[in-house]
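Trainee: Hi! I have a new model open and would like to go through its helix packing with you. Please start with any vocabulary I need.

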Amino acid sequence: MMKRCYTESKGFKDQLLISEAILKECKRRKKHFSMAWIDCQKAFDREPHSWIIKSLVLIWINNKVILFTKKVMTYWKTRMCFHAENKLIETENIKIQCGIFQGDSLSPLIFCICLIPLIEQLNRLNTGYEEHTTKTKISYLLYMDDLI
């Protein structure tokens, strides 16, 4: 029986060590191995609101929560402030039409929820590195906006 290993809770340094160990093992056993690193640059800024809602639907979040989230997103806004010629200049409200707030306590959770469909697809493919002694399979390493 093969065990699956998911390392979503490990930190990025842990994942580097795991990746290095897998590569060394493959080299030692003369096995072919492919690995892809995905670093979602400015990941929090680029999450389309439509995908946030779609992801909530896909993981069966209560419809009231989805409607609340959709409504709250319409109120997301910010202002820019800067100093020029010894005075403070502030813009009008700028509507946030894409992305989630960094620093908001719900943002990491929302971002991770948006990754669930990708993770499910990776699981369905049933691919990955199988450690030969314990028969543990590692399909992906995930830490916030970095995916291996």
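Mentor: Happy to! Interaxial angles under 35 degrees count as roughly parallel, over 145 as roughly antiparallel, 65 to 115 as roughly perpendicular, and the rest as oblique. The axes are lines fitted to C-alpha atoms, for helices over the stretch in contact, and the angles run from 0 to 180 degrees between N-to-C directions. Helices (H or I, at least four residues) and strands (E, at least two) are DSSP runs, numbered from the N terminus.

Trainee: And what kind of model is this, and how are residues numbered?

Mentor: This is a predicted model, in which local features need pLDDT of at least 70 and side-chain atom pairs count only at pLDDT 80 or more, while totals for chains, interfaces and linings use all residues. Residues are numbered from 1 along each chain as its sequence is written, and side-chain values use heavy atoms, with hydrogens and water left out.

Trainee: How many helices and strands are there in the protein chain?

Mentor: The protein chain has four helices and 10 strands. Along the sequence they follow the pattern β-α-β-α-α-β-β-β-β-α-β-β-β-β. Of the 148 residues in the chain, 28% are buried; buried means under 20% relative accessible area, exposed over 50%, and partly exposed in between (1.4 Å probe, protein chains only).

Trainee: Back to packing, then. At what angle do H2 and H4 pack?

Mentor: Their angle is about 65 degrees, and the axes are 9 Å apart. H2 and H4 are therefore roughly perpendicular to each other.

Trainee: Left-handed or right-handed crossing for H2 and H4?

Mentor: H2 passes H4 in a left-handed crossing. A crossing is left-handed if the near helix is turned anticlockwise from the far one by less than a right angle, and right-handed if clockwise.

Trainee: Which residues of H2 and H4 meet?

Mentor: From H2 you have Trp 51, Ile 52, Ser 55, Leu 56 and Leu 58, and these meet Ile 110, Ile 113, Cys 114 and Pro 117 in H4. Contact here means heavy atoms within 4.5 Å.

Trainee: Leu 58 caught my eye. Is it buried or partly exposed?

Mentor: Leu 58 is partly exposed, with a relative accessible area of 41%. Leaving aside neighbours within four places in sequence, Leu 58 is in contact with Trp 51 and Pro 117. Leu 58 and Ile 113 are 55 residues apart in sequence, with 9.5 Å between their C-alpha atoms.

Trainee: So which residues of H2 are buried?

Mentor: In H2, residues 49-58, the buried ones are His 49, Ile 52, Ile 53, Ser 55 and Leu 56. They cover an arc of only 160 degrees around the axis, which puts them on the same side of H2. That arc is taken from the directions from the helix axis to the C-beta atoms.

Trainee: Why would spacing like that put residues on one side?

Mentor: An α-helix has 3.6 residues a turn, so residues three or four places apart point the same way.

Trainee: Nice. What covers the buried residues of H2?

Mentor: The cover includes helix H3 (63-73) and helix H4 (107-125). H3 has buried residues too, namely Ile 66, Thr 69 and Met 73. Down the axis of H3 they fall within an arc of 65 degrees, so they line one face of that helix. They pack against H2 and strand S6 (94-95), while the face turned away from the buried side carries the exposed residues Asn 63, Lys 64 and Phe 68.

Trainee: What about the largest nonpolar core?

Mentor: It has 18 residues, and those with the most contacts inside it are Ile 52, Leu 56, Ile 100 and Phe 111. H2, H3 and H4 each supply at least two residues of this core, and H4 gives the most, with six. By nonpolar core I mean a set of buried Ala, Val, Leu, Ile, Met, Phe, Trp, Tyr and Cys residues joined through side-chain atoms within 4.5 Å.

Trainee: And which residues does Leu 56 contact, leaving aside its neighbours within four places in sequence?

Mentor: Those are Ile 61, Ile 66, Thr 69 and Ile 113.

Trainee: Changing topic: where does Lys 30 lie?

Mentor: Lys 30 is in the loop between helix H1 (12-28) and strand S2 (38-39). It is not a glycine, yet its phi is positive, about 55 degrees. Lys 30 is also exposed, with a relative accessible area of 74%.

Trainee: What is phi for Asn 86?

Mentor: Near 60 degrees, a positive value in a residue other than glycine. Asn 86 sits in the loop between strand S4 (81-84) and strand S5 (87-90), and counts as exposed at 86% relative accessibility.
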